[in-house]
Amino acid sequence: MKQDVTLVPLSLPADASRQERQGFARLCTLLAIPSEDAKPVGDYDHWIRAAKIKTLYDKPLLAAAAHAAIDLINQGWTVRVDRSGAVFSPPSVHSNREAEKARIRRQELLRRDEQLRKGSVRKFVEGMERTHQHGNRLVSVFNLMRDGRELADALQHAGTPTDVIKPYVQIVDSSVCELTGFKLHDIWRYFRHTWSNAYATVPGRSMPILIRDGATEFHAVIGLAAISSPVVQIAERDHWIGWETDQFLEQVHAEPTDSIAFWLAQRIEAQQSEIYVDDLLRDGVLQPTDLMTPRPEVVARLRADAERHRQRHHQASTIREVRNIERNAWVNRATTDLFRSKRSSALAEALEIATLLGAYLSPPTAEGLTKAFSDPKARTQMRRVVRRARGERVGTVIADLTVCGAVAPYSALAAGKLVGALAVSPRVLAAYREKYARPSEIASAMAGRPILREPRLSFVGTTSLYGTGSSQYNRLFWPPEVMGGKGNTRMGFHELGRSRSFGTSHFSEETVNALVRLSTLRGSLVRVNSLFGEGVSPRLRKVRLGLAALGWPADELLRHGRERILYGVPLVENLRDYSLGIDQEPKYLLNPELPEADAMVAAWWLERWCRRRATRQDVLESMRSHRLVRPVRHGARVPLPVGDEVLPIVTELPSIVGHH
């Protein structure tokens, strides 16, 4: 089937100078010329000089346009230039699986290598590889890698892999590795830089995880993972869980119950009671009686107040952010322009919902719920309640597995599957619950007092790197007893569908900065301050604002041409009702308190995946290529680039002790 080709004409805004227009035209003409020699990643200077553009400092329009155009070409877009201007086309998706993987890998490596060229990153990597004194020994990050030849030989001569590899979970916190003296987070960060995509922190919750090998002297790193705040809206995931708004309401309409009616009434009450109103009463936006008998004019005043403070927040030259969780600090944060706007908007919605839906739920019964469905206005308010409940709970009981994989030489033994299973094991779920059993920052700032949210996970989602398949998550299921569960329901990674190919991964940090500078200079009324609570994906919003300042179509340019396979691990039987908060207690598919879970999962992996691979000569030879003798050639080492070349091998190495 022939693929439709999207054509995206790109030009500078009408107020661009003639010099800027000519410079952009010359650049696009150069970018349109096919070249066998790929230019160094992020080498914007090469293209700027070739286009005879003297400087970009005083040309923010041209700077943003040039950087964005170069990034698009680097990511496989094409451009043709005719009398009407430059017309860009996104890369076509290859039907050939390996060709598509190569295309995506190239896109990812562009940003990763750009990151590895940064001075701060190079300094960090070189510092980890340099020996330091720990106790009476010299150690470096190389002590945390396992020599592939030693591992292959040990597997060949051992009676069982359980004597050779002893995996366990280590939650990354602020502590230090007792065996090497490195901070745990530095260990995690170092090995994360070996991935084919760039390392980036994620907003919201994040819990890094190391999988280590207790069979080696320094407990070598087998792999790493991270459980983080999820993407808020994924249609395929939400439908699979059963809490997509219209889907849920259709089910409730077909089978209304007293428990659902009670839950809706409870949600309406909580939405209003968890909003700080003292300043709204003090400023005359509200009267005490308005909360009991709200009128349309009250809702209108609150929405006007929300808009006024939203504009003040985005136009403010300084941003007041409070990180302390004491009572006064929550009030201080609640009264910032950002949260004043959010509170007024949320209260306006809560009062409107109570007015139009509350009467049907007093008292909350299935009969009253049925009557509410016959009222279009009440049904609209039910949609709002369900949406808000999902929006609140998605960040607390749902998480994304944002990092998951094994490092060499363990990766040859399908250790990525081990890491995936351990990342959703009882040890990790307990650590996540303990870490986040504390006041929610956004909810507490809205209420002006500490508000606790449910920290027990019900579902963990993730995506493949490639849309053509995932060897790591494919067929990754295990018997429930491996994690202390009961029954016949197997646990593991279910395929949910495919994600839309949309995002900012194809734009470099330099390009994002140029777009932000342009939108600021052109007087954008919205500022993205990257504050927690301001909204999801600050990077996406920054790029959107910059492209809007150029007059370029953001929706077209943010399509990076990479669909990914969505996977999910349900952790509870009552997935929909616990995730929404209808059920207060999770019905786990595993035993969340199982102390020996690490060992049980490791034993399952060793038998199910590792044993057979350990007998294959091609696998053993692959492992042997990862050496910890000079010169170090090891797949777990960060490939620092110098220009288009990797960093020369270090000359100083500690003694490396292998399996014992």
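## Aromatic pairs and the open sheet

Tyr 473 is buried, with a relative accessible area of 5%, and Tyr 567 likewise counts as buried, at 5% relative accessibility. Both statements refer to a predicted model. The ring centres of Tyr 473 and Tyr 567 lie 5.3 Å apart with the planes at 45°, so the pair is classed as tilted. This pair links distant parts of the chain, since Tyr 473 belongs to the loop between E10 and strand E11 (477-478) while Tyr 567 belongs to strand E14 (residues 565-570), 94 residues apart. Ring pairs also join Tyr 473 and Tyr 567 with Trp 478, Phe 493 and Trp 604 into a cluster.

The count of aromatic pairs comes to ten. One of them is formed by Trp 240 and Phe 459, tilted, with 6.1 Å from centre to centre and 50° between the planes. Trp 240 lies in helix H8 (residues 235-241) and Phe 459 in strand E10 (residues 459-463), so this pair ties together parts that are 219 residues apart in sequence. The two partners are described separately for accessibility: Trp 240 is partly exposed, with a relative accessible area of 34%, whereas Phe 459 is buried, with a relative accessible area of 0%.

Two arginine side chains place their charged ends over aromatic rings, as the table sets out.

| Charged end | Ring | Distance from ring centre |
|---|---|---|
| Arg 490 | Phe 477 | 3.7 Å |
| Arg 608 | Trp 609 | 3.9 Å |

Strands E10 and E14 also belong to an open sheet of seven strands, ordered E6-E7-E8-E9-E10-E14-E13, in which the pairing is mixed. Strand E6 (167-171) and strand E13 (494-498) stand at the edges with a single partner strand each, so one side of each is left without a neighbour in the sheet. From one strand to the next, the twist averages 30°. Strands of a sheet pair through backbone hydrogen bonds, either parallel or antiparallel. For E13 and E14 the sense is antiparallel, over four bridges, and Glu 495 stands opposite Tyr 567 in E14. Helix H18 (residues 426-435) packs on the sheet, where it touches E6, strand E7 (206-213), strand E8 (221-228) and strand E9 (398-406), and the direction of H18 makes about 145° with that of E7.

Tyr 567 thus appears in both parts of this account: Tyr 567 is a member of the ring cluster, and Tyr 567 in E14 has Glu 495 opposite.

Methods. Residues are numbered from 1 along each chain as its sequence is written. This is a predicted model: local features need pLDDT of at least 70, side-chain atom pairs count only at pLDDT 80 or more; totals for chains, interfaces and linings use all residues. Side-chain values use heavy atoms; hydrogens and water are left out. Rings of Phe, Tyr and Trp (its six-membered ring) pair if their centres lie within 6.5 Å; planes under 30 degrees apart count as stacked, over 60 as edge-to-face and the rest as tilted. Helices (H or I, at least four residues) and strands (E, at least two) are DSSP runs, numbered from the N terminus. Buried means under 20% relative accessible area, exposed over 50%, partly exposed in between (1.4 Å probe, protein chains only). A charge sits over a ring if NZ of Lys or CZ of Arg is within 6 Å of the ring centre and within 35 degrees of the ring normal. Two strands pair if DSSP finds at least two bridges between them. Axes are lines fitted to C-alpha atoms, for helices over the stretch in contact, and angles run from 0 to 180 degrees between N-to-C directions. Contact means heavy atoms within 4.5 Å.
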